[in-house]
Amino acid sequence: MDAVKRHTIAVLVDNEPGVLARVIGLFSGRGYNIESLTVAEVDAAERLSRITIVTSGTPMIIEQIKAQLSRLVPVHAVRDLTTDGPHVERELALIKVAGTGDKRVESLRIADIFRARVIDSTTESFVFEMTGSTEKLNAFINLMQPLGLVDVSRTGVVAIARGGKSF
């Protein structure tokens with residue numbers, strides 16, 4: 001049996017109303033899970049947006065997802081960055097931690113180790129900004145839980161292929 005593996009898929013689409021709903025509908029209609037989803041316009045002149053989707057599945061499921069995405073009318077290109085070669089992935093998170101005394105000092109020490117920046121500070125709390133891999137963010141968040149983790153807001157994964165080729 002083929003193993004389920006995490007894949008990062010980039011989709012270049014027309015920037016028009018309803019496109020994101022169609023892409024999401026493709027996933028939900030077939031029972032595929034979306035672990036992360038980001039979308040933004042990447043070419044204003046051509047009115048193109050890039051959707052980055054993180055999902056998991058067997059190789060057969062991933063191939064089905066890519067084929068079905070390619071058949072949607074507003075889709076120009078689909079790339080599985082996980083299998084197409086080297087790529088870079090990053091995610092941004094804002095993490096709020098409340099605490100006093102030793103817990104406050106410890107949260108700052110750990111933030112320094114993880115290169116998280118303090119972007120807001122009160123006498124009771126910090127808001128940290130952190131960029132990195134999903135795994136790095138998860139590790140930092142897990143360490144903040146016993147120190148007074150209050151809230152987390154994450155962007156989802158953005159990714160791009162390495163090298164000189166476009167999309």
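User: Is Phe 140 buried or exposed, and how should such a label be read?

Analyst: Burial is judged by relative accessible area: under 20% is buried, over 50% is exposed, and partly exposed lies in between (1.4 Å probe, protein chains only). Phe 140 has 0% relative accessibility and therefore counts as buried. Phe 128 likewise counts as buried, at 0%. This is a predicted model, in which local features need pLDDT of at least 70 and side-chain atom pairs count only at pLDDT 80 or more, while totals for chains, interfaces and linings use all residues. Residues are numbered from 1 along each chain as its sequence is written, and side-chain values use heavy atoms, with hydrogens and water left out.

User: How many aromatic pairs are there, and what qualifies as one?

Analyst: Rings of Phe, Tyr and Trp (its six-membered ring) pair if their centres lie within 6.5 Å; planes under 30 degrees apart are stacked, those over 60 are edge-to-face, and the rest are tilted. The count under this rule is four aromatic pairs. One of them joins Phe 27 and Tyr 32 edge-to-face, with 6.2 Å from centre to centre and 80 degrees between the planes. Phe 27 is buried at a relative accessible area of 1%, and Tyr 32 is buried at 15%. Another joins Phe 128 and Phe 140: the centres are 5.8 Å apart and the planes stand at 90 degrees, so this pair is edge-to-face.

User: Which parts of the chain does the pair of Phe 128 and Phe 140 tie together?

Analyst: Helices (H or I, at least four residues) and strands (E, at least two) are DSSP runs numbered from the N terminus. Phe 128 belongs to strand E7 (residues 125-132) and Phe 140 to helix H4 (residues 134-148), so their pair ties together parts that are twelve residues apart in sequence. Ring pairs also link Phe 128 and Phe 140 with Phe 114 and Phe 126 in a cluster.

User: Which residue lies over the face of Phe 126?

Analyst: A charge sits over a ring if NZ of Lys or CZ of Arg is within 6 Å of the ring centre and within 35 degrees of the ring normal. Arg 104 takes this position over Phe 126, at 4.0 Å from the ring centre.

User: How do E6 and E7 pair?

Analyst: Two strands pair if DSSP finds at least two bridges between them. E6 and E7 are antiparallel, over four bridges, and a hairpin of three residues joins E6 to E7. Val 118 has Phe 128 in E7 as its bridge partner.

User: Where is Arg 115 found, and what is its phi?

Analyst: Arg 115 occupies the loop between helix H3 (101-114) and strand E6 (117-121). Arg 115 is exposed, with a relative accessible area of 71%. Its phi is positive, about 60 degrees, although Arg 115 is not a glycine. The C-alpha atoms of Arg 115 and Met 130 are separated by 7.2 Å, with their positions 15 residues apart along the chain. Phe 167 is also not a glycine, yet has a positive phi of about 25 degrees. Phe 167 is in the segment after strand E9 (158-161) and counts as partly exposed at 22% relative accessibility.

User: What does the side chain of Ser 36 reach?

Analyst: A polar contact is a pair of N or O atoms within 3.5 Å; within protein, one must be able to donate a hydrogen and the other to accept it, and residues adjacent in sequence count only if both atoms are side-chain atoms. The Ser 36 side chain reaches the backbone nitrogen of Val 157 at 2.7 Å. Ser 36 is in strand E2 (residues 36-43) and counts as buried at 11% relative accessibility.
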